[in-house]
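Let's walk through this model together, beginning at the ligand and working outward to the whole chain. Please keep the 3D view open as you read.

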Amino acid sequence: MAVRIEPSILSADFTAIAADVARIPSADLVHVDVMDNHFVPNLTFGLPMVERLLQVTDLPLDVHLMIDDPDRWAPGFAEAGAAVVTFHAEAAKDAVATARAIRSAGAKAGVALKPGTPAGPWLDRLDEFDQVLVMTVEPGFGGQAFQPEMLDKIRQVRGTIGDRDVWLQVDGGIGPATIARTREAGADTFVAGSSVFGDADPDAAVRRLRELATA
Ligand code: DX5
Ligand code: ZN
C-alpha cells in the first residue's frame, strides 16, 4: 500500500507560503485548508490562493474544504487544477453529485468525516469517491491533540475499502508519536501541519514521518 505524506500549509508562514512549500520537496501532495468561518469557526483563504499556489509549485494540491455549500464551490477548485478536492459530508446537500462534478472537472473527489460523523452510510457509496478523510480532531485549527477513539473508524473504513484504489486520509494531530498507529489501523494518506512546519527542517520531518509510516 502506498504511503502519502501531505504537509498542511495551515501551519506555514502565511506571509511566505510559497517559500515554505519550497521547503518540503519530499512531500507527495500539499494539503490546503480552506475555511469559511461558517462551517468551522476559523477563516483562511479561498480559490485565489489555490490558483496562485498552483503557479508556484509542481507538487499536487489536495484542497480540504471546510466550508458551507461545497456543492456550489467544490467543482471550481477542481477546474482550477487541484489534484484532489475533499469536502465535508456534513455540509453537502448532494455529496454524490458534488463528487461527480469534481471528477468531471478532472480531480479526485474526497469526502471528509468529522469525529462525530459515522462512516457507515458512506461506505455503501465508496465507488463515488477517491478519498475518505477521517478527521482525527475537530476541524478548524492546527495543533490539536490526536483523538485515539478515531482508530476504530479508520479500521472500519479500511475494512470496506480493502485494496480498492480509494485513499484513506487522516488529518489532525498526526506526528511522530501518532502516525504509526493510524497506519496500522489502515490509513495511507497522512496530513501533518504543526509537526512538519513546526520543525526546524520541515523536509526532514516529512521524511521521518514517511519512515515511521512504512516501518
Ligand atoms: C484542521 C486542518 C488540518 C490542520 C492539521 O482542521 O484540517 O489540516 O492543518 O494540523 P495539525 O497537523 O497541526 O493537527
Ligand atoms: Zn485539513
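Start at the side chain of D33: one of its N or O atoms is 2.8 Å from an oxygen atom of ligand 1. Bear in mind as you look that this is a predicted model. Now turn to D171, where a polar side-chain atom lies 2.8 Å from an oxygen atom of ligand 1. G173 takes part through its backbone instead, with an N or O atom 2.8 Å from an oxygen atom of ligand 1.

How much of the accessible area of ligand 1 does the protein cover? On its own, ligand 1 has 380 Å² of accessible area, and the protein covers 99% of that. The space that ligand 1 takes is the largest pocket. Three elements each give two or more residues to the shell around the ligand, and you can pick them out as strands β2 (30–35), β3 (61–66) and β8 (189–192).

Let's look at that shell as a group. Ligand 1 is surrounded by 19 residues, and the closest are S8, G140, D171, G193 and S194. You have already met D171, whose side chain makes one of the polar approaches described above. By character, the shell around ligand 1 divides into ten polar, seven nonpolar and two charged residues.

Finally, zoom out to the whole chain. Its secondary structure comprises nine helices and eight strands. Along the principal axes, the C-alpha atoms fill a box of roughly 40 × 35 × 30 Å. Does the radius fit a compact globule or depart from one, and what is the value? The chain has a radius of gyration of 16 Å, which agrees with a compact globule because one of 215 residues would have a radius near 17 Å.

Methods:
Residues numbered from 1 in each chain as written. Chains lettered and ligands numbered in written order. Predicted model: local features only at pLDDT ≥ 70, side-chain atom pairs only at ≥ 80, totals over all residues. Heavy atoms only, no water. Near = heavy atom within 4 Å. Polar contact = N/O pair within 3.5 Å; in protein donor to acceptor, adjacent residues only side chain to side chain. Areas by Shrake-Rupley, 256 points an atom, 1.4 Å probe, with all protein chains shown as cover. 1 Å grid on protein atoms, 1.4 Å probe; cavity = no way out; pocket = protein on both sides within 12 Å on 5 of 7 lines; lining within 4 Å. Sits in = over half its atoms within 2 Å of the grid points. Helix = DSSP H or I, 4+ residues; strand = E, 2+ residues; numbered from the N terminus. Nonpolar A, V, L, I, M, F, W, Y, C, P; charged D, E, K, R; others polar. Rg over C-alpha atoms; globule rule 2.2 N^0.38 Å.
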